[in-house]
Amino acid sequence: MVYVLELAGLYVFATSGALMAVHKGFDIVGIAVLALLTALGGGILRDLVIGDVPPAAFSNVYYLLVPLIAAAVTFFAHPLVQRLSFTVLVFDAAGLALFCVTGTLKALDYHLGSVQAVLLGVTTAVGGGVLRDITARETPALVRMHTDLYAIPATAGAIVIAVANQLRLPEAAFAIGAAVFVFAFRIVAMLRNWKAPHAWERKRPV
Amino acid sequence: MVYVLELAGLYVFATSGALMAVHKGFDIVGIAVLALLTALGGGILRDLVIGDVPPAAFSNVYYLLVPLIAAAVTFFAHPLVQRLSFTVLVFDAAGLALFCVTGTLKALDYHLGSVQAVLLGVTTAVGGGVLRDITARETPALVRMHTDLYAIPATAGAIVIAVANQLRLPEAAFAIGAAVFVFAFRIVAMLRNWKAPHAWERKRPV
Amino acid sequence: MVYVLELAGLYVFATSGALMAVHKGFDIVGIAVLALLTALGGGILRDLVIGDVPPAAFSNVYYLLVPLIAAAVTFFAHPLVQRLSFTVLVFDAAGLALFCVTGTLKALDYHLGSVQAVLLGVTTAVGGGVLRDITARETPALVRMHTDLYAIPATAGAIVIAVANQLRLPEAAFAIGAAVFVFAFRIVAMLRNWKAPHAWERKRPV
């Protein structure tokens with residue numbers, strides 16, 4: 001079940017990378033590279049840090065094939081995929097929710113501290129998108145102003161997991177709860193255009 | 001023999017990084033950084049992923065000295081080096097051929113699957129160039145539109161190696177054959193300006 | 001003592017990342033991301049290369065909390081922090097001096113060769129700044145033209161450490177000496193606007 005969700009998450013993350021490549025006029029190599037980087041980059045970073053090498057992305061061939069299939073589908077059907085952009089965003093929210101939960105749990109399994117596990121869970125969820133944007137020479141959506149909340153729902157979900165682990169609460173129930181919470185938080189943030197605060201400015205008299 | 005070719009490959013990769021730094025007006029630090037990143041980046045990424053740490057680039061001091069010598073030569077003689085730009089491209093094709101073959105073989109030695117080994121072989125060959133372009137704030141040549149085939153010859157060569165390994169065919173013969181094939185494919189692609197296909201567009205009536 | 005200096009170094013490196021994020025209009029997520037990357041990126045790269053995983057940045061929770069505190073302080077007090085920009089640069093020089101020394105020593109402890117240890121010491125000191133600039137879509141200050149010497153003092157200090165280690169000279173004394181030397185070299189380079197040389201150009205008659 002988690003495995004099927006993971007493959008679905010990889011598929012949509014890869015699609016977001018492939019769509020950016022199409023949008024920027026990249027050729028088939030660029031489409032495949034951005035699809036793979038977006039889908040697998042966050043998890044590879046996490047696995048290098050915790051010392052799980054080769055990273056999970058290289059342990060199971062479907063983790064590589066699914067992003068390549070997403071790249072191929074986008075290559076041929078990108079006008080259709082773009083018309084489904086809200087659907088893609090909903091699946092992307094599901095991928096965000098899933099990967100921040102599984103990333104945090106994996107870091108805790110490797111005996112990292114709670115704060116460290118939260119950071120790695122968020123890295124798993126958002127790292128691929130940062131690598132996609134850097135490679136495509138875009139300002140990373142993660143740091144760009146005026147984007148809807150993305151890392152903050154992931155951080156909130158990772159904190160829920162870490163606290164539950166610290167208090168020895170039942171892991172499975174909290175994992176599912178945290179994932180649902182991240183998904184809902186992200187969807188509402190998109191629908192309501194919630195933004196994160198910018199650096200505090202003292203009000204000046206005009 | 002392979003070792004001499006490797007050092008020659010590192011030299012030309014480093015030269016391409018150093019020339020970009022000169023072209024962008026970077027100082028001697030920038031020239032050295034781009035030379036090292038271009039020559040060693042792909043192999044370091046591969047070794048981190050397969051878990052061979054410290055990476056080979058740090059095991060033999062000549063792997064560091066050769067790129068630094070290339071940086072120094074380019075620093076003083078860049079007008080001459082630029083006049084030799086076709087020669088540099090020919091050696092670059094040789095480096096591409098060599099590193100995709102040695103990278104794929106090393107990944108197979110570390111018991112990675114065929115698809116994973118192909119991906120790592122290509123990463124070895126093209127990863128340094130991507131890091132060079134990202135650090136110099138260029139759109140990576142790897143994904144940019146309108147560049148001649150580069151990753152595709154490397155991918156084809158890596159697939160030959162992986163298939164030969166799967167079928168237990170003689171490794172040395174296929175390694176040499178694949179390297180010659182990648183080199184020739186890349187040279188022909190340059191001479192004929194072969195491009196990779198862009199995302200498929202439905203023909204519209206005007 | 002070294003530990004307190006390390007935390008102070010992380011604080012100022014993180015502040016430089018957070019200030020760049022404020023300057024570019026990034027939101028609170030971007031401020032935290034750039035603060036963490038700038039402070040911890042160089043050390044994480046070094047630890048991945050030498051195989052010390054999880055990296056030191058993940059072993060002690062204060063290594064994560066100090067950059068986050070710097071991000072929070074900058075978030076609220078950035079006009080004040082900017083007015084202290086010379087003070088920040090002095091502390092940044094102290095961080096540069098400290099991290100190039102501790103990075104080189106750690107690489108030597110892991111039995112890397114002298115040249116390799118110098119390269120990793122410099123990476124520890126300057127790597128975070130490069131990741132900050134790449135993520136914020138700036139040309140890395142490390143390679144940009146017309147910046148005052150930064151990597152060169154760090155390289156000189158790392159070479160002092162490596163030579164002292166090779167000659168079995170007393171480590172503690174040389175570590176302190178090298179750090180003071182790097183700090184002074186960097187401060188003088190800033191005050192006198194010393195630049196690194198650009199690629200050599202033959203003088204032409206007009």
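Helices (H or I, at least four residues) and strands (E, at least two) are DSSP runs, numbered from the N terminus. The model worked on here is predicted: local features need pLDDT of at least 70, side-chain atom pairs count only at pLDDT 80 or more, and totals for chains, interfaces and linings use all residues. Residues are numbered from 1 along each chain as its sequence is written, while chains are lettered from A and ligands numbered from 1 in the order in which they are written.

**Exercise 1. Look at the helices of chain A, then at α4(A) and the residue just after it.**

Step 1. Begin with the count: chain A has 7 helices and 0 strands. Along the sequence this reads α-α-α-α-α-α-α.

Step 2. Now pick out α4 of chain A, residues 85–109, with 25 residues. From first C-alpha to last, α4(A) reaches 35 Å, close to the 36 Å expected at 1.5 Å a residue; the expected span is 1.5 Å times one less than the number of residues.

Step 3. Move just past α4(A), and you meet His111(A), with a positive phi of about 65 degrees.

**Exercise 2. Describe the overall form of chain A and how its residues are packed.**

Step 1. The C-alpha trace of chain A spans about 60 × 50 × 25 Å along its principal axes.

Step 2. Compare the radius of gyration (taken over C-alpha atoms) with the globule rule, 2.2 Å times the number of residues to the power 0.38. For 206 residues a compact globule would come near 17 Å, and chain A agrees because it has 17 Å.

Step 3. Next, burial: 56% of the 206 residues of chain A count as buried, that is, with 20 or more other C-beta atoms within 10 Å of their own, C-beta atoms being placed from the backbone.

Step 4. Which residues have the most contacts inside the largest nonpolar core? They are Ile31(A), Ile31(B) and Ile31(C), in a core of 225 residues. Such a core is a set of buried Ala, Val, Leu, Ile, Met, Phe, Trp, Tyr and Cys residues joined through C-beta atoms within 7 Å.

Step 5. Leaving out residues up to four places away in sequence, the residues that Ile31(A) touches include Phe26(A), Phe75(A) and, from another chain, Ala199(B). Touching, or contact, means C-beta atoms, placed from the backbone, within 7 Å.

**Exercise 3. Work out how chains B and C are placed against chain A.**

Step 1. Superpose the copies by least squares on the C-alpha atoms of residues with pLDDT of at least 70 in both. Chain B falls on chain A after a rotation of 120 degrees with 0.0 Å of shift along the axis (RMSD 0.0 Å). These two copies are therefore related as by a three-fold rotation axis.

Step 2. For chain C, too, a rotation of 120 degrees with 0.0 Å of shift along its axis gives superposition on chain A, with RMSD 0.0 Å.

Step 3. Turn to the contact between chains C and A, which takes 24 residues from each. On the chain C side, α2(C) gives the largest share, 7 residues. This side divides into 18 nonpolar, 4 polar and 2 charged residues. Here Ala, Val, Leu, Ile, Met, Phe, Trp, Tyr, Cys and Pro count as nonpolar, Asp, Glu, Lys and Arg as charged, and the others, Gly among them, as polar.

Step 4. Only 8% of the interface residues of chain C are also interface residues in chain A, so the copies meet through different surfaces.

Technical notes:
Contact = placed C-beta atoms within 7 Å. Buried ≥ 20, exposed ≤ 12 C-beta atoms within 10 Å, placed from the backbone.
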